[in-house]
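Here is a quick tour of one protein fold, written for someone who likes to see the atoms. Have the viewer open while you read.

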Amino acid sequence: MRLRPLTRRFPGAVAMLAAAAVLIGGCDVARDAARDRIAGLRHVVAAAHARPAHARPAAADRKAADRKAADHKAGSPKGDGSRGPEWRLVWSDEFRGPARHRPDQAKWSFDRGGEPQWGNHEWQYYTDRPGNVSLDGHGNLAVTARHERVHEVRGKKCGFGPCDITSARLTTKGKFARAYGRFEARIKIPKGQGLWPAFWMLGANVDKVTWPGNGEIDVMEALGRQPNTVHGTIHGPGYVAQGIENHTTLARGRSLADGFHTYRVDWAPGKLTWYLDGKPYGTACAGQLKHGQKWVFDHPHYLLLNLAVGGDWPGPPDRSTPFPARMLVDYVRVYGRAGR
């Protein structure tokens with residue numbers, strides 16, 4: 001979510017380079033997916049052996065299970081093992097509450113202001129107003145970018161753009177941070193030229209070790225002009241602007257903006273694996289780094305959600321950009337390995 005060079009406009013070439021780096025570094029997405037499936041089957045078999053052969057779920061238990069399944073929003077992807085016995089929920093926000101209420105301030109803070117503090121030549125000015133960040137009353141967080149002039153911006157010089165775009169950026173800095181685990185969010189992104197939605201993480205030692213030395217993990221980034229593609233990236237010393245990136249594209253002209261999708265990264269010592277709707281599409285490993293690059297993903301990171309507008313990578317909005325533009329977040333969940 002930081003600096004992006006012009007080469008980011010050619011994701012096909014980047015994908016080929018990233019794939020080559022993954023193979024050289026020993027990262028294997030297919031192998032990891034097979035390993036996870038085997039681990040899941042082991043839990044199923046173990047549970048079957050532990051239960052008497054004659055045991056059957058009672059009617060009340062079946063009804064409870066049906067209610068639990070119905071509680072999840074229609075159209076969600078099938079379960080990908082996040083709730084399996086090998087994982088335990090350690091932090092979450094389901095964004096339940098009345099419309100226009102703020103998200104839980106025990107979990108989230110708000111970054112405010114505009115450039116140059118974001119470092120990407122972005123156009124938006126971040127606020128904490130309900131019009132930019134609030135619950136929608138239907139179990140979602142709405143992060144909304146608006147074309148407007150507001151009191152917060154009057155009399156201030158904008159680093160880039162005409163000072164007429166507002167949006168929001170949420171962070172768990174000082175409230176929650178974790179190293180390793182499964183980090184996922186179910187999000188419906190907006191589409192449109194210049195829009196830049198993201199779910200990402202920054203090293204919690206940022207006040208002592210400046211970026212990129214603290215590390216950045218982008219779980220999900222997307223460009224509003226390419227809403228069929230999701231990007232997963234890490235940034236650290238020696239791979240600052242380009243980062244180590246993976247991406248995947250929906251087939252048959254489908255768009256991520258058409259509905260909710262689950263974006264996830266599994267983070268283990270020396271390795272990260274990215275998933276879209278439970279399917280792995282890329283990895284990054286400490287072993288693939290080159291001379292002069294440093295792995296800085298061995299300490300807690302905190303979470304961020306934001307909807308940027310403009311900047312070096314997405315480019316500025318234009319007359320075709322739909323405002324207001326909303327990023328809807330169904331949930332954010334963090335899991336740890338059972339017993340850890």
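What follows goes from the overall fold to a central strand, then to the salt bridges and two buried polar side chains.

**The fold at a glance**

Keep in mind that this is a predicted model. The protein has three helices and 17 strands. Of its 340 residues, 50% are buried. If you look at contacts between residues at least 6 apart in sequence, 75% of them join residues at least 24 apart. The accessible surface comes to about 16200 Å², and carbon and sulfur atoms account for 56% of that.

**Strand β8 and its neighbours**

A good place to start is β8, which covers residues 181–188. How many of its eight residues are buried? Seven are, so the strand is largely enclosed by the rest of the structure. β8 pairs with β13 (residues 261–268) through seven bridges, and the two run antiparallel. One of the residue pairs to look for here is G181 with its bridge partner W267 in β13. β8 also pairs with β17, again antiparallel and with seven bridges. On that side, R182 has Y335 in β17 as its bridge partner. As a general point, side chains in a regular strand alternate between the two faces of the sheet.

**Salt bridges**

Side chains of opposite charge can pair when their charged atoms come close. The structure holds nine salt bridges, and the table picks out some of them.

| Pair | Closest N to O distance |
|---|---|
| R333 and E94 | 3.0 Å |
| E148 and R129 | 2.3 Å |
| D266 and R264 | 2.9 Å |

Take R333 and E94, which form a salt bridge. R333 sits in β17 (residues 325–337) and E94 in the loop between β1 (87–93) and β2 (109–111), so the pair ties together parts that are 239 residues apart in sequence. Both R333 and E94 are buried.

Now for E148 and R129, whose side chains meet in a salt bridge at 2.3 Å, N to O. E148 is in the loop between β5 (141–147) and β6 (165–167), while R129 is in the loop between β3 (125–126) and β4 (133–135), and the two are 19 residues apart. Are these residues buried or partly exposed? E148 has a relative accessibility of 22%, so it counts as partly exposed. R129 counts as partly exposed too, at 23%.

D266 and R264 make another salt bridge, and both of these residues are buried. Elsewhere, R102, R112 and D128 are joined into one network by salt bridges that share partners.

**Two buried polar side chains**

N120 is in the loop between β2 and β3. Its relative accessible area is 1%, so N120 is buried. What does its side chain reach? A polar atom of the N120 side chain lies 3.2 Å from the backbone oxygen of W118. There is a long-range neighbour as well: G311 is 191 residues away from N120 in sequence, yet their C-alpha atoms are 5.3 Å apart.

Q288 is in a loop as well, between β15 (279–285) and β16 (301–309). With a relative accessible area of 10%, Q288 is buried. Its side chain reaches the backbone nitrogen of C285 at 2.8 Å.

Technical notes. Residues are numbered from 1 along each chain as its sequence is written. This is a predicted model: local features need pLDDT of at least 70, side-chain atom pairs count only at pLDDT 80 or more; totals for chains, interfaces and linings use all residues. Side-chain values use heavy atoms; hydrogens and water are left out. Helices (H or I, at least four residues) and strands (E, at least two) are DSSP runs, numbered from the N terminus. Buried means under 20% relative accessible area, exposed over 50%, partly exposed in between (1.4 Å probe, protein chains only). Contact means heavy atoms within 4.5 Å. Accessible areas come from the Shrake-Rupley method with a 1.4 Å probe; for residues, only the protein chains shown count as cover. A polar contact is a pair of N or O atoms within 3.5 Å; within protein, one must be able to donate a hydrogen and the other to accept it, and residues adjacent in sequence count only if both atoms are side-chain atoms. A salt bridge is a side-chain nitrogen of Lys or Arg within 4 Å of a carboxyl oxygen of Asp or Glu. Two strands pair if DSSP finds at least two bridges between them.
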